[in-house]
Amino acid sequence: MPKDGGPNGGIGASTTRREDVRFLSGTGNYTDDINIRGQAYVHFLRSDVAHGRLNKVDTSEAAKMPGVVRIFTGADFEGIGGLPCGWCVTDKHGQPMQEPAHPVLAQGKVRHVGDPIAAVVAETPEQARDAAEMIELDIEELPAVIDMKAALEDGAPKVHDDLTSNLCYDWGFVEENKDAVAKAFDEAAHVTTLELRNQRLVANPMEPRVAIGDFNRATGDHTLYTTSQNPHVIRLLMGAFVLGIPEHKLRVVAPDVGGGFGTKIFHYAEEAFCTFAAKAVNRPVKWTSSRSEAFISDAHGRDHVTTIQLALDKDNNFTALRTDTHANMGAYLSTFAPSVPTWLHGTLMAGNYKTPLIYVNVKAVFTNTVPVDAYRGAGRPEATFQLERVIDKAARELGVDPVELRRQNFITEFPYATPVAVEYDTGDYHGTMDVLESMIDRAGFDARRKESEARGKLRGLGVNCYIEACGIAPSNLVGQLGARAGLYESATVRVNATGGIVVMTGSHSHGQGHETTFPQVIAEMIGIDASMVEIEHGDTDKAPMGMGTYGSRSIAVGGSAMVRAAEKVINKAKKIAAHLLEASEADIELADGQFSVAGTDKAVAWGDVCLAAYVPHNYPLEEIEPGLEETAFYDPANFTYPSGAYACEVEVDPDTGKVEILSFAAADDFGNIINPMIVDGQVHGGIGQGIGQALLESCVYDEDGQLLSASYMDYAMPRASDVPFYAVDHSSQTPCTHNPLGVKGCGEAGAIGSPPAIVNAVVDALRSGGHDIYHVDMPVSPSRVWAAMQG
Amino acid sequence: MYEFEFVRPGSVAEAIKALGEDEAQPLSGGQTLIPTLKQRLAMPSKLVSLTGIAEMQGITASGDGVSVGGATCHADVAADGTIPALSALAGGIGDPAVRNRGTIGGSLANNDPAACYPAAALGLGATIKTNKREIAADDYFVGLFETALDEGEIVTAVTFPKPEAANYQKFEQPASRFALVGVFVAKTGGGVRVAVTGASEGGVFRWSAAEEALAKDFSASALDGMAPDADGMMSDLHGTAAYRAHLVGVLTRRAVAAC
């Protein structure tokens, strides 16, 4: 396929994003913009203690407050399903993980600050809040467990009384390799060990979560409007497992969604509550999260504590890797939480390197904190950070060039089966590193460092690689790994009588630009202008089924489903064209929006074929049905494996410890690219979030389980002045071998690849100043850097 | 927010009268009070806006200094330039939205321990004028969120004497961008003044040891190796007491060098 986009704005065109017209002009339709006649408002009364026994929830006085419609407590949800977990991890002994109940409203105990206890439905949001303050609570406060290692000690308070301990699972991967890995370490010429923390983050999408439940008494139909990355998944989880509503009586709509970053994948209590309450009070019920509420109710991300060890032989070849991680689950299992530190993390530990032996141990732990689940990259940033940091430390210990040590150990032959159960289809790690090196003038670094030193600053250069598994995921494989869902995608391509096309996709767009890029693919396939194609998404009544948008899967899986459906449409259109042209179907060619008979000047336009399908006067009715609409489901044969090499230069102020990022270069291999400008934007945003994690963001609890970083006064988000202009290059392209577009996905790369580059650079800078430092935990804040320099 | 009455008087006298009622509270730029109300952490019966009072607005320069009306917003002070260090400080508070709403009187009455204006007022030896009296900056700042103001007393103006040289150095807390530590150094006819915000558990303070050293030798090197005692410094997510004490030394030297 051509890569310049062509005159129609096809594949390879940097078309500006059509959705930006409404987003930038304030005319988007977000969930909070939806107001239904007669709607009431809900306010959740949330626990302000981390752990406690609910002795009494007395709503009698609150119920008398003005405007109160009804007050709900945990008792109203007895006998109703709790929030389900979508992935069951099997531990190293072959046993299923410990899986606690997750009630919609707290029953018996509260387990984290923010745990919802009661919900007041009232005429106005203010009245709901006023009444919630009148609810009388008797909470017997219990000792909280916050630190993961303390939570696993004998006699630690239990988050869930009915579980045997706070250990969700103890996972070994690959357990059979454990002894061989230990032997390789015994025989190693050099072992590098690094302890680190991948800190807890709050996703902070610009749009807080919103849910509106609506119930039609006449038809018995439920509708939920929600800020979700995957409305079909919410319909399935909430309908089948929580409220017992069959899917044909439940519609879930996720309209314009203002960023997700993972935290809007999951099924939340507020969604189930609004759907349930709308029927119970026979009115639409709306909840809009405040930013403060988001900090204590949106699933958090990361929060791993890790010890990683790398074994090398005398020639600096990697011979084995061993890593031991404690992963925080929080107080309950969020929808996909168990999969993040295991199958999205352990399987990536080979990175870009041919390390023959790898063993990964992960202990998932319950604590009295907000549940933790996928956040941009989900497991893969944690894998990349520890691997790339330990390689960097090894290079410094051995006195070898960090780039050369990586190159020496690169995987060079594909397909490559890793010792951690995945098979990389394509990649060119040397080629991608060559691109990076061409971008960063390494030869000139020493001169730049001297110039910084002349100004009293310490300059550092950090380089790293990454690989990620995207295009999630082959259903039969993930089923074996514990997923309770398939991870295909579906699309319907509906051609209208006059040739315009609507694609209904299960992929949800909340910043990715699908409304622009998906039409580019159709335009390319048919040779019509991209403006003739519209994308519909985010409504379970429109697309047939959808597994949603996460794991950089939209174009690789959702796009492939669309291609398959479009191929069916084109095949049928060729039959119609053959009839109209009185030719053999085998001789029909489609190009530039026109069907022609090979070797002749006989042709019929795309629009005329479409019209014939809907006005079938001259039509092969005995062979094919009228109409032109096809659906396809696509289940990927493998993950995709985007990879890249990143570099960062920083300057550290030795007086204050402040780190400034001077430059950042990203060389990525995303395979084929649909819209280079949008890919640039995705990488920019990902690096921005990576800079946030590396330098600024940190979600911190005190020992009693109170959230100290509970607002933007203390939780530092990256701002424009914190990030440099990025140099981004994705000319290194090894197309994916197993999907029709040869695409790999680009949404998470920046967030995965950037934190180690930044920390590597800071360590490089500090060591140049004579500080014997191998690691500084993230966020690499001024106070941490200064403390590290004090020794 | 809880419900409250709202009045916007046109004179100081009317404002003082309105503030005489129970549970009435003055509202200036609202950059602290409005978020507090949204969190339902305050429940005033009446808010008395001070932003409609003409006599509390604006900046008047005289030969030896500048007088800033209590309800003057930071952006106006930033644009003034009579005392460059004062204008630079005002231009570094918050973001444009904050600077166009927040006022000098509101900031000084609130006396947030990490706010910038207290450092300028104390560093320049300002006089805080209220509806009742004039208070020297040295007597005005009492402690964390505490001032010499009585109940119902409002800051109507602040007068700053023009220094021979002055500079403010702010090291931002990464999240809020308040001062993790801020140091205002002024060389005046009456001596050298060094005012520190953001650092101390007691709020803004004068670092007298540095003042004495600088009085003898007004140069950064006069402070080599000096830092205040870490005892009594704040310690939180963003910096330990030891780090803050260290930064006071660094920033004071930088401010002197920039004077």
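Two strands pair if DSSP finds at least two bridges between them. Helices (H or I, at least four residues) and strands (E, at least two) are DSSP runs, numbered from the N terminus. The model is predicted: local features need pLDDT of at least 70, side-chain atom pairs count only at pLDDT 80 or more, and totals for chains, interfaces and linings use all residues. Residues are numbered from 1 along each chain as its sequence is written, while chains are lettered from A and ligands numbered from 1 in the order in which they are written.

**Exercise 1. Determine how strand S14 of chain A is paired and whether it is buried or exposed.**

Step 1. Take the partner S15 (residues 357-366) of chain A: 10 bridges join this strand to S14(A), and the two run parallel. Within this pairing, A:Arg322 has A:Tyr359 of S15(A) as its bridge partner.

Step 2. Turn to strand S13 (residues 301-312) of chain A, which is antiparallel to S14(A) and joined to it by 9 bridges. Here A:Val305 stands opposite A:His326 of S14(A).

Step 3. Inspect the connection. S13(A) and S14(A) form a hairpin with 5 residues between them, and A:Asn316 in the turn has a positive phi of about 70°.

Step 4. Apply the burial criterion: a residue is buried if 20 or more other C-beta atoms lie within 10 Å of its own, exposed if 12 or fewer, and partly exposed in between, with C-beta atoms placed from the backbone. In S14(A) (residues 318-330), 11 of the 13 residues are buried, so the strand is largely enclosed by the rest of the structure.

**Exercise 2. Compare the end-to-end distance of helix H18 of chain A with its expected span, and describe its surroundings.**

Step 1. The expected span of a helix is 1.5 Å times one less than its number of residues. For the 20 residues of H18(A) (residues 749-768) this gives 28 Å; the end C-alpha atoms are 29 Å apart, which agrees.

Step 2. Of these 20 residues, 18 are buried, so H18(A) is largely enclosed by the rest of the structure. Just after the helix, A:Gly770 adopts a positive phi of about 85°.

Step 3. Place A:Ile758 among its contacts (C-beta atoms, placed from the backbone, within 7 Å). Leaving aside neighbours within four places in sequence, A:Ile758 is in contact with A:Gly462, A:Cys648, A:Val650, A:Ile661, A:Ile691, A:Ala694 and A:Leu695.

Step 4. Extend the view to the largest nonpolar core, a core being a set of buried Ala, Val, Leu, Ile, Met, Phe, Trp, Tyr and Cys residues joined through C-beta atoms within 7 Å. This core has 319 residues, and those that touch the most other members include A:Ile758, A:Val762 and B:Val196. Helix H15 (residues 554-581) of chain A supplies its largest share, 14 residues.

**Exercise 3. Establish the environment of A:Glu649.**

Step 1. A:Glu649 belongs to strand S26 (residues 643-652) of chain A. With 26 other C-beta atoms within 10 Å, A:Glu649 is buried.

Step 2. Not counting residues up to four places away in sequence, A:Glu649 touches A:Arg459, A:Leu461, A:Leu662, A:Ser663 and A:Ala761. A:Glu649 and A:Gly460 are 189 residues apart in sequence, yet 5.6 Å apart in space, C-alpha to C-alpha.

**Exercise 4. Locate the cis peptide bonds at A:Val174 and A:Ala473, and the positive phi values at B:Arg40 and B:Asn111.**

Step 1. The bond from A:Phe173 to A:Val174 is cis, with omega near -5°. A:Val174 is in the loop between strand S7 (167-173) and helix H5 (178-186) of chain A.

Step 2. A:Ile472 and A:Ala473 are also joined by a cis peptide bond, with omega about -5°. A:Ala473 is in the loop between strand S18 (458-467) and helix H13 (475-480) of chain A.

Step 3. B:Arg40, which is not a glycine, has a positive phi near 60°. The residue is exposed, with 12 other C-beta atoms within 10 Å.

Step 4. B:Asn111, likewise not a glycine, has a positive phi of about 50°. B:Asn111 is buried, with 23 other C-beta atoms within 10 Å.

**Exercise 5. State how many residues each chain gives to the contact between A and B.**

Step 1. Chain A gives 15 residues and chain B gives 12 residues. On the side of chain A, helix H19 (residues 782-790) gives the most, with 3 residues.

Conventions:
Contact = placed C-beta atoms within 7 Å.
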